[in-house]
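Colleague: Please walk me through this model. I will ask, and you reason to a value or a name.

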Amino acid sequence: MQPHNVNYGLVGYPVLMAADIALYKGEVVPVGEDQLPHLELTREIVRRFNSTYGYVFPEPQAKLTSFPSVLGLDGLQKMSKSYNNYIEIAAQAEEILSRVMTAVTDPARRYRSDPGHPDICNIFGLHKFFTPLRVEEIASECRTAGIGCVDCKKMLAQGISSTLEPFRERRATLASRPDYVDEVLADGAKRAEAIARETLKEVKDKMGLLQLKS
Ligand code: SF4
């Protein structure tokens, strides 16, 4: 994808992800479609380890959702903070609306009176997630120029906002309880550390590495 920028990160990053999965003996990993090659590398690494030193790691399986890939507002790349084509889960309704208004639509629909092509429109793709009950109506209105892109985007923004509302509320509740959040994080870290320590010990035993007493 970036032939002029082939660097260590291309292998280092997926290996780091593999370590994060294998360290806790992950069996099922919730991922997006774009992460499948990384997971395959993890599976390859654990298979190689198991066959060389003896079984330690389960081969993790991917868990895709019914929407394994979401296109960003630019209509070009996956939705991601890194590409600045995303909608923040905690965003308020006005912010969602202003972000959605910048989104790319059917490039062939230049005027309000032009019929649209929902199948190639990014906004329509997002309607499938956020206003699933109205997609057929939107597709038909778009094809007959019965609805304009501005109104279509407003409808989408409303759908996104109401879908995200429970998450916003939950987030606000947690944000008002920082001590509780710290406690949960510390507890999780403690439990994860115990599992990691145990796995590392097992790995070193299998590999015959010297374990110094701490
Ligand atoms: S009306 Fe909606 S689905 Fe049709 S081109 Fe405009 S934004 Fe896309």
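**Salt bridges and the α2 network**

Modeller: Let me start with one pair: Glu44 and Arg47 form a salt bridge, with closest N and O atoms 3.2 Å apart. The rule asks for a side-chain nitrogen of Lys or Arg within 4 Å of a carboxyl oxygen of Asp or Glu. This is a predicted model, where local features need pLDDT of at least 70, side-chain atom pairs count only at pLDDT 80 or more, and totals for chains, interfaces and linings use all residues. Residues are numbered from 1 along each chain as its sequence is written, and side-chain values use heavy atoms, leaving out hydrogens and water.

Colleague: In which helix do Glu44 and Arg47 both lie?

Modeller: Helices are DSSP runs of H or I with at least four residues, strands are runs of E with at least two, and both are numbered from the N terminus. Glu44 and Arg47 are three residues apart, about one turn of the helix. The helix that holds both is α2.

Colleague: Is Glu44 buried, partly exposed or exposed?

Modeller: Buried means under 20% relative accessible area, exposed means over 50%, and partly exposed lies in between (1.4 Å probe, protein chains only). Glu44 has a relative accessible area of 35%, so Glu44 is partly exposed.

Colleague: Which residues do salt bridges with shared partners join into one network?

Modeller: Arg47, at 30% relative accessibility, counts as partly exposed. Salt bridges that share partners make one network of Glu40, Arg43, Glu44, Arg47, Arg48 and Glu59.

Colleague: How far apart in sequence are the parts tied together by Arg43 and Glu59?

Modeller: Arg43 forms a salt bridge with Glu59, with the closest N and O atoms 3.4 Å apart. Arg43 lies in helix α2 and Glu59 in the loop between α2 and β2, so the pair ties together parts separated in sequence by 16 residues.

Colleague: Is Arg43 buried or exposed?

Modeller: Its partner Glu59 is partly exposed, with a relative accessible area of 32%. Arg43 has 17% relative accessibility, so Arg43 counts as buried.

Colleague: How many residues apart are Asp34 and Lys78?

Modeller: The side chains of Asp34 and Lys78 meet in a salt bridge (2.7 Å, N to O). Asp34 is in the loop between β1 and α2 (36–53), and Lys78 is in the loop between β2 and α3. The pair links distant parts of the chain, and the separation is 44 residues.

Colleague: What is the relative accessibility of Lys78?

Modeller: Asp34 is partly exposed, with a relative accessible area of 38%. Lys78 also counts as partly exposed. Its relative accessibility is 33%.

Colleague: How many salt bridges does the rule give?

Modeller: Side chains of opposite charge can pair when their charged atoms come close. By the salt-bridge rule, the count is 14.

**The ligand site**

Colleague: Which elements give two or more residues to the shell around the ligand?

Modeller: A residue counts as near the ligand if one of its heavy atoms lies within 4 Å. The residues around the ligand include Thr105, Asp106, Arg109, Cys121 and Cys152. The elements that give two or more residues to this shell are α4 (122–130) and α6 (149–175).

Colleague: Is Cys152 buried or exposed?

Modeller: Cys152 is found in helix α6. The C-alpha atoms of Cys152 and His127 are separated by 9.1 Å, with their positions 25 residues apart along the chain. At 11% relative accessibility, Cys152 counts as buried.

Colleague: How far apart in space are His117 and Thr105?

Modeller: His117 is in the loop between α3 and α4. His117 counts as partly exposed, at 41% relative accessibility. His117 and Thr105 are twelve residues apart in sequence, and their C-alpha to C-alpha distance is 9.3 Å.

**Loops and backbone**

Colleague: How far apart in space are Pro115 and Asp34?

Modeller: Pro115 is placed in the loop between α3 and α4. Pro115 is partly exposed, with a relative accessible area of 44%. Pro115 and Asp34 are 81 residues apart in sequence, and from C-alpha to C-alpha they are 33 Å apart.

Colleague: What is the phi of Lys25?

Modeller: Lys25 is found in the loop between α1 and β1 (28–30). Lys25 is partly exposed, with a relative accessible area of 27%. Phi is positive here in a residue other than glycine, near 55 degrees.

Colleague: Where is Asn84?

Modeller: Asn84 is not a glycine, yet has a positive phi of about 50 degrees. Its place is the loop between β2 (61–63) and α3 (93–101).
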